[in-house]
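Please open the structure in your viewer and keep the selection tool at hand. The stops below take you from one selection to the next, with a short account of what there is to see at each.

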Amino acid sequence: MKAQVVMFVSLFALDAACGQASYSIPEEMSRGSVVGDVARDLGLERPRLISGKAKIYSRNNEEYIELSREKGLLLVKERIDREALCAHTALCALHFRIILENPIEFYSVTVQIADINDNAPSFEKNQMKFKISESATIGAKFVLEGAVDPDVGMNDLQNYELKPSDHFALKLQNNADGNKNVEMVLQKPLDREKEEQMSLVLTAVDGGEPRMSGTMLILITVLDVNDNAPVFTQHTYKATVTENSPVGTIVAAVSASDADHGSNAKISYSIQNMVGNLKNLFRINDENGEISLIGNIDFEKSRQFQLNLLASDEGGLTDSSKLLIDVQDINDNIPVINIMSKSNVISEDAEINTVVTMINIEDLDSGDNGNVNCFINENIPFILKNSKHNYYTLVTDSDLDRERSAEYNLSVTCCDEGVASLSSSVTLTLRISDVNDNAPVFQRSSYEASVVENNTPGLSIVTLRARDADWGQNARVSYILEDSSVNGAPASSFVSVNAQSGVVSAVRSFDYERMKRLDFAVRAQDGGSPPLCSNVSVGVLIRDQNDNAPQVLYPVQPHAEMVPRSADAGYLVTKVVAVDVDSGQNAWLSYKVQHKFGGADRGALFEVGLHNGEMRTVRQVTDKDAVKQRLTVVVEDNGQPSRSATVAVNVALADGFPEVLRSEFADDFSEDYDDRLTFYLVSALAAVSFLFVACLLLIVSLKVYRWRRSRVLYRSDLPVIPYYPPRYCDTLGTAGTLPHVYNYEACATAKSHVTNTQAVSQSLVSVDGADADVPHGGEQTSGNCSRMSTLIYSGSEDA
């Protein structure tokens, strides 16, 4: 049986309470039984109970009543035993609150628990033994142990019956506490010689329907004369004990006297009402009457005790008294913090004074020991507001910012006013939910990267990083390539951006000669609603790669030059002009002679300037040098690996054209001139026609080539590499290279006939559009001279 009494006159009264309801139910109702329609009685709609998350709040840990939100009914949650709940209290009631949220409302509900006759009166002992002297006078009283019935009202103990009633009668005496003292009064003198042992049955009867009863056997032994009964010095004793006093503490000492002598005057003390937990708290010394503690006393459970004392002598005569013990409170209970309603998560855009948590404080002590004050830790955007009856609300005090603090650990501390003060605390963890109030921020204000041309499509160029101070979906950053144009084409045709990782990759291979830089913008966008974004500019520099070989602009193949045998060392034969569309060191060109043919000392007659491409003689021409010299000039750039181009230069060592004919070209003539003359004339005519058509096609091709090249240079921003014509002035001050107008005179004797003569140099380059004259051979007879001129035109410097 539980000793704690769960009864309240009023649990609390808040300003938010809107009404109250009272119900009465009998105890022992089955689980799920309907207590009452609380929604109807409080004037609430059932949807309000659901939306407001209606719940029952009780100070007890045990809950006997539950609320059905859907039906609006109060139901029995657990079987209610009124005797265990309220013990001997006549009025037994459950008090609790129904709490609703959004907005917060309180309703008081009282459920009266009516008693039913479910307990029979019972005696602690099955029997009592008395030793009564036969000289006991009529009217002698013998205190009997009373029965206990946990029921109340009419269901409680109503009457006692004693059978047989030949010698004794019952006398009932009402006490101030509502209990009855049962005494057995002698009605007829005893005679030990007639009846030494007597057995009586004491029956306790309640007033319920049906009536229930309990019995106890009384055994009486008739003794010889003992005509004085013990007498207590006081009818009522009073004592005070402090709760939590140690075991063994003497609470009080009672005494009684007996006028008899000897063994008839020896008194023994006992406590009669040792029922419930009293037998576990107090003990009396049967010899000296000292009452001491054998258990712990709690003021909060029982504030007063009453002990029924009995003094007995050896003759069986007794006297009764009572001891009233008042329990003094000490500050031994810490304040109890009850969280009535709380929110674990609050939005960072919550308004000031938003209610976060409601707290109820209980201290079972009394007086100053039960007065409690609460506070929370400082430097947080929350305050604790006190309302009536130890209720507190935790509200926001300033604006919240999840990016500054995403979580708060609120420590609520409550202290009572006792000496020494006791306190308790509870920590509330409150998370701040995110609001999309921060845009992504790139780690850099702009990004610069470089990539080597001829890259593989899909190559990663640069990784963009943007961070969002928000959380979750609001901080999930996606990268998007902004719509823009690069050289007339969309930026998406050049690069792509991975939406998750921010990696910028090349969509295709880049060509430095067409595009040297790529500028575009990337947007970082978060996943909030609405989303926030920021932009960053990205510049990609395309680096050159040695992927173009040098191009020889001059001399145009085939090509021949004539050097007089009287030329001195350093004579400028010709100039090799080449360009490389790459840039930097990839476009630095160097010239060298690869092969030299003819002459007694090969490789010693001509040299080419390493950087300017000028071909000069290194010594004077001797008679041992062959008339016809063929040289291969290699033009090489400075790239890694290097690329090169070659050009062949034919050089004739002669002071005049006839000498050339006699030396080398004459070897090609056939001795059978007469038989083949017709064939050569026809071949010469066909060759002249072919060369004429070829020159026309070459001119047209050069025109188209120049036009297309100018368009490419204009689009790709390639650097303009000047073309140095043959008639240029170098830094050393040498004016010109060759006369560039060579007059060859060929005279044939009567025995020599020229059938076909072709100029050694007939390939002309004119960057500015001038046509090239191609000399052709003519038939010569004895005594006649044919004059042939080869003209080499120089181009303009803007070629």
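Begin by selecting strands β50 and β51, which form a hairpin with 6 residues between them; keep in mind as you look that this is a predicted model. Strand β50 covers residues 628-637, and it runs antiparallel to β51, with 9 bridges joining the two. To see one of these bridges, select V633 and then V647, its bridge partner in β51.

Now keep β51 alone, that is, residues 644-653, and ask how many of its residues are buried. The count is 8 of 10, so that the strand is mostly covered, a buried residue being one with under 20% relative accessible area. Add strand β44, residues 560-563, to the selection, and you will find that it pairs with β51 in the parallel sense, over 4 bridges. Within this pairing, M562 has A652 of β51 as its bridge partner.

Return to β50 and select V635, which has its place in that strand. Is this residue buried or exposed? V635 counts as buried because its relative accessible area is 0%. If you show its surroundings, leaving aside the neighbours within four places in sequence, you will meet contacts that include P550, V552, V576, Y591 and A645. The last of these, A645, lies 10 residues from V635 along the chain, and the C-alpha atoms of the two are separated by 5.2 Å.

The next stop is a charged residue, E348, which you will find in the loop between β25 (345-347) and β26 (355-362). E348 is buried yet has no salt bridge, and the nearest side chain of opposite charge, that of R402, is 4.9 Å away. A salt bridge requires a distance within 4 Å, which is why this pair does not count as one. What does the side chain of E348 reach instead? It comes to the backbone nitrogen of R402 at 2.9 Å, and to the backbone nitrogen of V435 at 2.6 Å. Beyond its neighbours within four places in sequence, E348 is in contact with several residues, among them L400, E403, I432 and D434. Select R402, E403 and D434 together, and you have a network of salt bridges that links these three residues.

From here, move on to other salt bridges, of which a search of the whole structure finds 14. Select R523 and E482, whose side chains meet in a salt bridge at 3.1 Å, N to O. This pair links distant parts of the chain, 41 residues apart, with R523 in strand β41 (residues 517-525) and E482 in the loop between β36 (478-481) and β37 (485-486). Both R523 and E482 are buried.

Then select D519 and R517, whose side chains also meet in a salt bridge, at 3.1 Å, N to O. D519 is partly exposed, with a relative accessible area of 42%, and R517 counts as partly exposed at 36%. For another pair, select R616 and E614, which form a salt bridge whose closest N and O atoms are 2.9 Å apart. R616 is buried, with a relative accessible area of 18%, and E614 is buried, with 5%.

Finally, clear the selection and look at the whole protein, whose secondary structure comes to 5 helices and 53 strands. Of its 799 residues, 44% count as buried, while the accessible surface comes to about 41400 Å², with 49% of it belonging to carbon and sulfur atoms.

Technical notes: Residues are numbered from 1 along each chain as its sequence is written. This is a predicted model: local features need pLDDT of at least 70, side-chain atom pairs count only at pLDDT 80 or more; totals for chains, interfaces and linings use all residues. Side-chain values use heavy atoms; hydrogens and water are left out. Buried means under 20% relative accessible area, exposed over 50%, partly exposed in between (1.4 Å probe, protein chains only). Lys and Arg count as positive and Asp and Glu as negative; His and the chain ends are not counted. A polar contact is a pair of N or O atoms within 3.5 Å; within protein, one must be able to donate a hydrogen and the other to accept it, and residues adjacent in sequence count only if both atoms are side-chain atoms. Contact means heavy atoms within 4.5 Å. Two strands pair if DSSP finds at least two bridges between them. Accessible areas come from the Shrake-Rupley method with a 1.4 Å probe; for residues, only the protein chains shown count as cover.
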